[in-house]
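Below is a short briefing on one molecular structure, covering its nonpolar cores and selected residues. Please read it alongside the sequence and the coordinates.

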Amino acid sequence: MSVDSTIHNAYMTARNGIAKMLSRIVPPKEVDDILQDTYVRLCQVKDTSHIREPRSFLYKTARNLAYDHLKRADIRLIDDAIEAIDELDSQQNDLEDETTRQMASQQEFAHFCDAVRLLPPQCRRAFVLKKVYGHTQKDIASELGISEKTVEKHIAEGIKRCTVHMRKVQQSEDMAASVRSNNHG
């Protein structure tokens with residue numbers, strides 16, 4: 001009987017024992033793959049003259065393959081964890097950006113409402129009916145009892161005053177931010 005058949009016979013005899021040993025090292029679903037890899041390794045051995053104890057050689061080969069498998073699994077886990085952390089960071093940044101945008105939008109809307117409140121009453125009514133409710137100038141003129149030309153002037157005045165107010169607010173916020181950054185820097 002050649003050494004090759006001796007190793008093959010030793011593998012077939014020790015297979016269950018190797019499987020038990022592997023099940024203490026790797027998850028049960030990985031045992032069959034590692035057993036198969038062990039057999040493939042045995043088939044790849046060209047010179048078996050150095051193998052004195054085939055059973056010991058089999059166990060050692062299987063154990064080394066199991067440890068290699070665990071190392072690869074650890075690396076995959078680390079890579080997956082890094083990827084998950086990166087994804088969470090990205091989602092967190094997206095969430096922070098969206099929250100910032102929403103806050104800025106709400107703050108801008110509040111400033112716009114303040115600007116509209118500061119309009120003269122007749123101008124405010126015409127402006128709101130046109131810009132908020134989408135009424136035509138003709139309908140607004142009829143509702144307010146004024147000419148369409150006057151409605152047009154009120155809306156233009158409303159746009160101009162709201163724009164000026166919003167620019168002033170933005171400038172004061174920019175100056176406040178500049179002062180804060182100079183005080184912290």
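**Briefing: cores and selected residues**

Thr-61 is found in helix H3, where helices are DSSP runs of H or I with at least four residues, numbered from the N terminus. The model is predicted, so local features need pLDDT of at least 70 and side-chain atom pairs count only at pLDDT 80 or more, while totals for chains, interfaces and linings use all residues. Residues are numbered from 1 along each chain as its sequence is written, and side-chain values use heavy atoms, with hydrogens and water left out.

**Residues of helix H3**
- Thr-61 counts as buried because its relative accessibility is 12%, buried being under 20% relative accessible area, exposed over 50% and partly exposed in between, with a 1.4 Å probe and protein chains only.
- Leaving aside residues up to four places away in sequence, Thr-61 touches Thr-38 and Arg-41, contact meaning heavy atoms within 4.5 Å.
- Ala-104 is also found in helix H3, and it counts as partly exposed because its relative accessibility is 38%.
- A separation of 25 Å lies between the C-alpha atoms of Ala-104 and Glu-87, which are 17 residues apart along the chain.

**Nonpolar cores**
- The largest nonpolar core (buried Ala, Val, Leu, Ile, Met, Phe, Trp, Tyr and Cys residues joined through side-chain atoms within 4.5 Å) has 19 residues, and those touching the most other members are Ile-18, Met-21, Leu-22, Val-31, Ile-34, Leu-35 and Leu-58.
- At least two residues of this core come from each of helix H1 (3-23), helix H2 (28-44) and helix H3 (54-117), with H1 giving the most, 8 residues.
- Leu-58 touches Ile-7, Ala-10, Tyr-11, Ile-18, Thr-38 and Leu-42, again not counting residues up to four places away in sequence.
- A second, separate core of 8 residues includes Ala-126, Ile-140, Val-151 and Ile-155.
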